[in-house]
Amino acid sequence: MVERLPDDCFALPPGVDWTPVDDALALLRTALRPVAGEEIVPLTREAAGRILARPVTALRDNPPAANSAVDGYAFAHASLSGAGDLTLREGRAAAGHPFPGTLDPGEALRILTGADLPAGADTVVLQEDVTLAGGRIRFPPPRKPGANSRPRGEDARAGDQVFPKGRRLTPADLARGVAAGVAEVSLHKPLRVAVLSTGDELIQPGSTGHGIFDANRPMLLALTERLGFRAIDLGVARDREDAVRQAFDRAAAEADALITTGGASTGDEDHVSRLLTREGHVTTWRIAVKPGRPLALGQWRGVPVFGLPGNPVAAFVCALIFVRPALGLLAGEGWVEPEAFQIPAGFEKSKKPGRREFLRARIRDGRAEIFHSEGSGLVGGLSWAEGLVDLPEPGLTVRPGDLVRYLPFSGFGL
Ligand code: AMP
Ligand code: MG
């Protein structure tokens with residue numbers, strides 16, 4: 001059974017006004033822990049992308065026996081005296097067909113790639129290096145015992161830990177686990193993340209009415225899935241307290257976390273933060289970040305709520321920077337830092353001190369270029385971008401060629 005989070009888990013220290021991004025991240029990191037339950041699942045392709053709830057231990061050596069890395073002849077290295085000159089034993093060893101006998105010193109056996117070395121042999125000579133005549137094989141002696149063979153357990157030993165808990169299984173991990181004899185793993189149940197848009201102005205695709213198309217919802221649903229969580233579509237709640245409450249109740253019943261957009265500020269029509277303040281638990285985080293206005297972090301009946309700004313650009317950036325690592329903690333994968341690297345700027349920009357800035361960017365010709373406008377209403381810049389340039393809080397001037405921190409969207413799985 002997983003425990004609920006403490007009610008005040010998102011509380012900020014007293015006196016905090018503008019919270020730097022790193023402080024906000026550090027707070028999230030200490031506030032959250034896994035809430036997703038566990039289940040035993042076969043280690044098949046359905047397990048890929050899911051998160052281990054317990055470490056995985058090799059059940060068997062891999063390979064289970066020493067075997068040949070090439071097509072050739074197997075023998076005991078110690079039985080060579082000077083040049084290779086051995087009696088060819090009748091029979092052969094092939095993958096899946098081990099040789100039943102034991103080689104005597106001075107004997108060699110035909111062996112194929114992947115076959116277990118026969119008893120009495122520890123070394124293989126490549127068939128191309130051998131001359132065969134009169135029931136004997138001759139070859140220049142291999143340099144060392146064990147040549148062209150793969151020792152038992154060289155990849156994994158029974159009892160070794162092959163994966164720690166919290167790992168998100170990759171396709172290669174399936175191969176590693178299965179090769180080590182693992183058939184079932186204990187996984188966290190997928191984290192269920194509800195996504196809700198709020199706003200009286202929102203209309204749906206295809207509508208000819210006057211209003212703002214609800215661009216956030218498909219974006220955040222798809223983003224949630226790409227980040228590796230299960231997304232639940234809660235539709236749109238109008239700017240009315242009862243509508244928002246009804247959606248929140250549904251999230252509490254069906255999901256482990258809720259992402260909302262719009263209504264997160266402290267205005268008259270900001271029902272997300274109002275309702276959380278009155279009947280849930282909320283902390284409005286004024287994070288020193290651009291783009292992004294206040295982020296409302298709260299809980300509704302024990303379910304964490306991430307109240308993002310309505311502006312699609314701010315919602316997207318805040319989802320990647322704040323919500324993604326938070327969901328990772330809830331899901332059991334631990335705190336995941338975004339993939340980032342330093343890259344020369346292909347642009348010039350002066351920024352004022354105070355806020356960390358995430359610019360829509362992409363790499364061309366080895367340099368980071370940024371979208372021509374920083375207008376936060378420009379959704380086009382989001383889809384133009386392939387990553388973000390992350391500029392620190394202090395004021396600074398970036399000149400072409402200066403190194404800047406770049407976060408590729410591919411690093412988030414987008
Ligand atoms: P709010 O945070 O509710 O004050 O909204 C800020 C801005 O984002 C307003 O211009 C809204 O119309 C816009 N907005 C809110 N929700 C969405 C949405 N789901 N899709 C596109 N724009 C939105
Ligand atoms: Mg609104």
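This is a walk through one predicted protein model, from overall form to local detail.

Start with the whole chain. The protein has 414 residues, and 48% of them count as buried. Its secondary structure comes to seven helices and 28 strands. The C-alpha atoms fill a box of roughly 100 × 55 × 50 Å along the principal axes. The radius of gyration is 30 Å, whereas a compact globule of 414 residues would have a value near 22 Å.

Now turn to strand β24, which covers residues 356-364. Seven of its nine residues are buried, so β24 is largely enclosed by the rest of the structure. Three strands pair with it in the account that follows, namely β19, β26 and β25. Strand β19 spans residues 289-290 and pairs with β24 in the parallel sense, over two bridges. Here lysine 290 has glutamate 357 of β24 as its bridge partner. Strand β26, residues 387-391, runs antiparallel to β24, and five bridges join the two. One of the partners is glycine 387 in β26, which bridges to alanine 361. Strand β25, residues 367-370, is also antiparallel to β24, with four bridges between them. There arginine 364 is matched with arginine 367 of β25. As background, side chains in a regular strand alternate between the two faces of the sheet.

The link from β24 to β25 deserves a look. The two strands form a hairpin with two residues between them. Aspartate 365 sits in this loop. Its phi is positive, about 50 degrees, although the residue is not a glycine. Is aspartate 365 buried or exposed? Its relative accessible area is 81%, and the cut-off for exposed is over 50%, so aspartate 365 counts as exposed.

Another non-glycine residue with positive phi is arginine 301, at about 45 degrees. Arginine 301 lies in the loop between β20 and β21 (303-308). Its relative accessible area is 51%, so by the cut-off of over 50% arginine 301 is exposed.

Back at β19, the chain leaves the strand through a cis peptide bond. This bond joins lysine 290 and proline 291, with omega about 0 degrees. Proline 291 falls in the loop between β19 and β20 (295-300). Lysine 290 thus takes part both in the bridge to glutamate 357 and in the cis bond. A cis peptide bond also runs from asparagine 62 to proline 63, with omega near -5 degrees. Proline 63 is in the loop between β2 (56-57) and β3 (67-68).

Strand β12 is the next stop. It holds residues 184-188. Four of these five are buried, so β12 is largely enclosed by the rest of the structure. Strand β1, residues 38-42, pairs with β12 in the antiparallel sense, over five bridges. Glutamate 39 has leucine 187 of β12 as its bridge partner. Serine 186 also belongs to β12. At 10% relative accessibility, serine 186 is buried, because the cut-off is under 20%. The C-alpha atom of serine 186 is separated by 42 Å from that of arginine 92, 94 residues apart along the chain.

For a contrasting pair, take proline 312 and threonine 261. They are 51 residues apart along the chain, and their C-alpha atoms are separated by 8.5 Å. Proline 312 is part of helix α6, residues 312-331. With 18% relative accessibility, proline 312 counts as buried.

Next comes the largest pocket. Its space is about 310 Å³. Which residues lie nearest its centre? They are Thr198, Glu201, Leu202, Gly310 and Asn311, out of a lining of 23 residues. Strands β13 (192-198) and β15 (212-213) each supply at least two lining residues. By class, the lining has eight nonpolar, nine polar and six charged residues.

Last, the cysteines. How many disulfides are there? The count comes to zero. Cysteine 9 is in no disulfide, and the nearest cysteine sulfur, in cysteine 318, is 18 Å away. A disulfide needs sulfur atoms within 2.5 Å, so the sulfurs of cysteine 318 and cysteine 9, at 18 Å, are too far for a bond. Cysteine 9 is buried, with a relative accessible area of 12%. Cysteine 318 is buried too, at 1%.

How values were computed: Residues are numbered from 1 along each chain as its sequence is written. Chains are lettered from A and ligands numbered from 1 in the order in which they are written. This is a predicted model: local features need pLDDT of at least 70, side-chain atom pairs count only at pLDDT 80 or more; totals for chains, interfaces and linings use all residues. Side-chain values use heavy atoms; hydrogens and water are left out. Buried means under 20% relative accessible area, exposed over 50%, partly exposed in between (1.4 Å probe, protein chains only). Two strands pair if DSSP finds at least two bridges between them. On a 1 Å grid over the protein atoms alone, a cavity is a set of points where a 1.4 Å probe fits but cannot get out, and a pocket is an open set with protein on both sides within 12 Å along at least five of seven lines; lining residues have an atom within 4 Å of a point. Grid points are joined across faces, edges and corners, and a volume is the space filled by probe spheres set on the points. Ala, Val, Leu, Ile, Met, Phe, Trp, Tyr, Cys and Pro count as nonpolar, Asp, Glu, Lys and Arg as charged, and the others, Gly among them, as polar. The radius of gyration is taken over C-alpha atoms; the globule rule is 2.2 Å times the number of residues to the power 0.38.
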